[in-house]
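Dear colleague,

Please find the structure below, with its sequence. A summary of the findings follows it.

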Amino acid sequence: MPGFLLRRLLAAIPVLVMVAVIVFSLLRLSAGDPAMILAGDGATPEQLDNVRRAMGLDKPIVEQFFSWSWRLLHGDVGTSLISGLPVSQLIGDRFGPSLALSISTIVLAVMVAVPLGILAAWQQGKPLDRMVMAVSVVGFSVPVFIIGYVLILVFARWLGWLPVQGYQPLSNGFWVFAQRLILPTLALSTAYIALIARIVRTSVIEVMGEDFIRTARAKGMGETAVLIRHALGNAAVPIVTIIGVSIAMLIGGVVVTESVFNIPGLGRLVLEAVLARDYPIIQALILLFSLIYVLINLVIDMLYSVLDPRIRY
Amino acid sequence: MSSSPAVAAPVAPASPLLAQLKQTLRGWPVIAAIVVIVALVLVAICAPLLGTSDPGLIDASQRLKPISAAHWLGTDAFGRDVYSRVLYGARISLTVGLGTVVIALSLGLLIGVVAGYFRWADAIIMRVMDGLMAIPGILLAIALVSLSGASLFTVLIAIAIPEIPRVVRMVRSVMLSVRTESFVEAATILGTRVPLVMWRHMMPSTLAPLIVQGTYIFASAILTEAILSFLGAGIPPETPSWGNAMAEGRVYFMLLPGLVLYPGVLVSLTVLSVNVLGDALRDALDPRMAKRV
C-alpha cells in the first residue's frame, strides 16, 4: 500500500508540471506581447519596459519558466494588476462561498442520485426506470443558467419563498446562509444528479447479473439486502469514479452559477479577472483548479484499492 | 445522420451491425431527436426566408415589446426582433457544434494515431494530454478567448482544445489494441508503408467510437458556446447567437423572462436531441455497451 501510494503521488508530478507549462505558454503563445497584456491597454513605453524588466521578460524563455515555477513553488502566485493585492489573498477571500456551494451541491447530488439510480436499476425497463432515464437526459442537456433562472422565477419571484440572489457567510447565522444557498445548489446539482444516477443505474444493473447475486437470492436473502449489501458494494468503484469526476467538473458550473446568483466566490473572481484582463489572477486560478483536479483523482485512485482490494497498481 | 451506416461499415461484418443500427434507431425518442435536428438544420439554412425582419435591425421605438403580430417573440433591449435573432442563432450554434467536432476529431485522431503507433511519441503526447485534461475546460476556453480576442474562430478553437485529450485517449487505446491484430501484422510483413498501414488498416477501427464521441462533443460544444457567451467571454456580442441573446436578456429577466428562456429552450432542445442520438448510436455501434445498458 505505501509503495502504491508513493508511486501514484509521483505520477501526479509530471501532470502538474505539464499544467504549469501550458499555463505559462498560454500567455506567451497568444497574439501580442505579454508585457503589453500584463501592463494593460493604456501603458506607456516606459511602463512597458518596467514590466518587462520586473517580469524578467528580457531573459530567455526557459529561464523565465524556471524562475516563474520557482516562485510558484514558494507560494508566490503573483499580484493583481488592477488592485495590486497578492493573488493568494484575493483567492483566499473568495474561497468560502465557492466551497460552500460545491459541498452542498455534491452532497445533494449524491444523496438524490444514488437512491434514484438504484431504484431505476431495480425497476429496469419498467416505467419508473424509463422516467428516471428520460429526466436524466434532460437534466444534463439544459444549461445550468437556464435552470437557475427558472428557479429564481418560480421560487423567488412568483412564490417569494427564497431570496433572488446573494450570499451570506455561515457566521451570519445558519438560516440566512442556507436560505441563499438553496436555489444555486438546486440549479448546479441537476446535471450532476442526472450524470451520477445514470452511472449508478448502469453499474448496479451490471452487478445484478453476476453469479454471486443469484447465490445471495438463492440462499433466501431479501431483495433490499441483496441490492444494498451485494450490488451496491460491488458497484462502488464506478460510482466513486463518477462522483470524483463530478467534483472535478464542478468548477465550470460554479463559475456560471455564481454569476447567475451573484455569489462573490472564485467563479465570479474568474469573470472579473477576465473582464479586467487581470492575467495573474486567471493564471493562478487555472493552476489552483488543476491542482484540485489532480488531487481529487489521486484520492479516487486510492479509494479504488480500499473499495476493491483486488485493485493494485 | 443517414450517412452513419455507411461510415460504420468497415468496423465489422456489415449486416448484423446495420440491422442493430436500424433497430436502435427505431424508438420514438430517437426519431423525435432526428426530426428536431433536421428541423434545426433546415431553420439554420432557411433563416433569411423564415425571419420576419433583419436580426440586426435596431429600432429604438420598439424596445422590449411583448409578443405581437409584428414581432412573434417580442423585441429585445435594442428593439431587435427576437424571433429572427433566434432563427439566426441556430446557424451560429450549429456552426459552432460542427466546427468544434471537425477540429477536435481531426486533431484528436491525428495525435491519437501518432501516440498509438509510435512508442517514442506516446509518453510525451500522453503527458501533455494529462496536463490539458487537468485544466477545467470552461476555464481554459475563457482564458483562450480573452487572450486571443473574441471571434467565431477563436471561440471554436477554445471550445475544441479542451475536448481533444479525450479523443486522443480513445483513438490511442483503439490503436494499441489493433496494432497486435494479425491483419495489421500481416500488412506490415507484406511491406506496406507505415502511413498506409495506419490509414487503411488501423484507422477504420476508430471510426465507430469517433462517431459516438463526435455527437457528444457536438452537444457539449453548443452548451459551452452558450455558457461562454452568457458569461461575456464568447462570440462578439453583435452576433445573434443563442448565448449572446441570453446574455443580453438577463438584465431584463424579471421583466421579460422570454428573452432568456426562448433561446434557452432551443439550446436545451438541440443538446437534448443530439445527446439522445448519441446514446442510440453508442448502443448500436458499441455492442459491449448496448448489452450492458
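The contact between the two chains is a suitable starting point: 36 residues of chain B are in contact with 39 residues of chain A, where contact requires that the C-beta atoms of two residues, placed from the backbone, lie within 7 Å. On the side of chain B that touches chain A, helix H5 (119-134), helix H6 (137-148), helix H11 (204-231) and helix H13 (258-285) of chain B each supply at least two residues. Helices here are DSSP runs (H or I, at least four residues), as strands are (E, at least two), and they are numbered from the N terminus. By class, this side of chain B comprises 25 nonpolar, 8 polar and 3 charged residues; Ala, Val, Leu, Ile, Met, Phe, Trp, Tyr, Cys and Pro count as nonpolar, Asp, Glu, Lys and Arg as charged, and the others, Gly among them, as polar.

Please note that this is a predicted model, in which local features need pLDDT of at least 70 and side-chain atom pairs count only at pLDDT 80 or more, while totals for chains, interfaces and linings use all residues. Residues are numbered from 1 along each chain as its sequence is written, and chains are lettered from A and ligands numbered from 1 in the order in which they are written.

Chain A has an average pLDDT (the predictor's confidence in each residue, from 0 to 100) of 82, and 93% of its residues score at least 70. Within chain A, confidence is highest in helix H5 (residues 87-122), at a mean of 90, and lowest in helix H2 (residues 34-39), at 67.

Chain A contains 13 helices and 0 strands. Its domain assignment, automatic or from a database, gives domain 1 (2-73) and domain 2 (87-276). The centres of these two domains of chain A, taken over C-alpha atoms, are 35 Å apart.

Of the 313 residues in chain A, 36% are buried, that is, have 20 or more other C-beta atoms within 10 Å of their own, against 12 or fewer for exposed residues and partly exposed in between, with C-beta atoms placed from the backbone. The largest nonpolar core (buried Ala, Val, Leu, Ile, Met, Phe, Trp, Tyr and Cys residues joined through C-beta atoms within 7 Å) has 163 residues, of which Ile196(A), Val270(A), Leu285(A), Leu139(B) and Ile142(B) touch the most other members. Helix H4 (residues 82-117) of chain B gives the largest share of this core, 17 residues. Beyond its neighbours within four places in sequence, Leu139(B) is in contact with Ile251(A), Val270(A), Leu285(A), Ile286(A) and Phe289(A).

Yours sincerely
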